[in-house]
Amino acid sequence: MLYMVIEYFNAGAAVDIYRRARDRGRQLPPGLEYVDSWVDLDYFRCFQLMRTDDRALFEVWIEAWSDLGHFEIIPVRTSADAAQHIADKL
């Protein structure tokens, strides 16, 4: 399943976040896959597309980063999957 993760950076934490990512990597547990990400222009939020069959793996990953921000985990589907899922209701 796909998830959109919104990571809200703590004030002034962007440099520490990028330093940790450079030094330690994403710190993803096995079974949690990073797909892609986008960062707003003010370094306040990072939108990360992730994939996993075990939502509980997010807790392991978030623990490694919780001192630098907080997270919102949203299950999502592609636009093509959404169109197919709703097609019989059109």
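This is a short exchange about a predicted model of one protein chain.

Biologist: How do you know what the order of helices and strands is in the protein chain?

Modeller: Helices and strands are DSSP runs numbered from the N terminus. Read along the sequence, they give β-α-β-β-α-β-α, which comes to 3 helices and 4 strands.

Biologist: What makes a residue count as buried, and what percentage of the protein chain does?

Modeller: The cut-off is under 20% relative accessible area. Of the 90 residues, 31% count as buried. As for the surface, the chain exposes about 6100 Å², with 54% of that supplied by carbon and sulfur atoms.

Biologist: How do you know what share of the contacts joins residues 24 or more positions apart?

Modeller: A contact means heavy atoms within 4.5 Å. Among contacts with a separation of 6 or more, 68% are between residues 24 or more positions apart.

Biologist: Why is Trp61 called a lining residue of the largest pocket?

Modeller: A lining residue has an atom within 4 Å of a pocket point. Trp61 is listed in the lining, so it meets that cut-off. The lining also includes Glu7, Tyr18, Arg26, Cys46 and Trp65. The pocket holds about 230 Å³ of space.

Biologist: Which element supplies the largest share of that lining?

Modeller: Helix α1 does, with 3 residues. At least two residues each come from β1, α1, β2, β3 and α2.

Biologist: How far apart are the mean positions of the positive and negative charges?

Modeller: Lys and Arg count as positive, Asp and Glu as negative. The mean positions of the 10 positive and 15 negative charges are 2 Å apart.

Key:
Residues are numbered from 1 along each chain as its sequence is written. This is a predicted model: local features need pLDDT of at least 70, side-chain atom pairs count only at pLDDT 80 or more; totals for chains, interfaces and linings use all residues. Side-chain values use heavy atoms; hydrogens and water are left out. Buried means under 20% relative accessible area, exposed over 50%, partly exposed in between (1.4 Å probe, protein chains only). Accessible areas come from the Shrake-Rupley method with a 1.4 Å probe; for residues, only the protein chains shown count as cover. The place of a charge is taken as NZ of Lys, CZ of Arg, CG of Asp or CD of Glu. On a 1 Å grid over the protein atoms alone, a cavity is a set of points where a 1.4 Å probe fits but cannot get out, and a pocket is an open set with protein on both sides within 12 Å along at least five of seven lines; lining residues have an atom within 4 Å of a point. Grid points are joined across faces, edges and corners, and a volume is the space filled by probe spheres set on the points.
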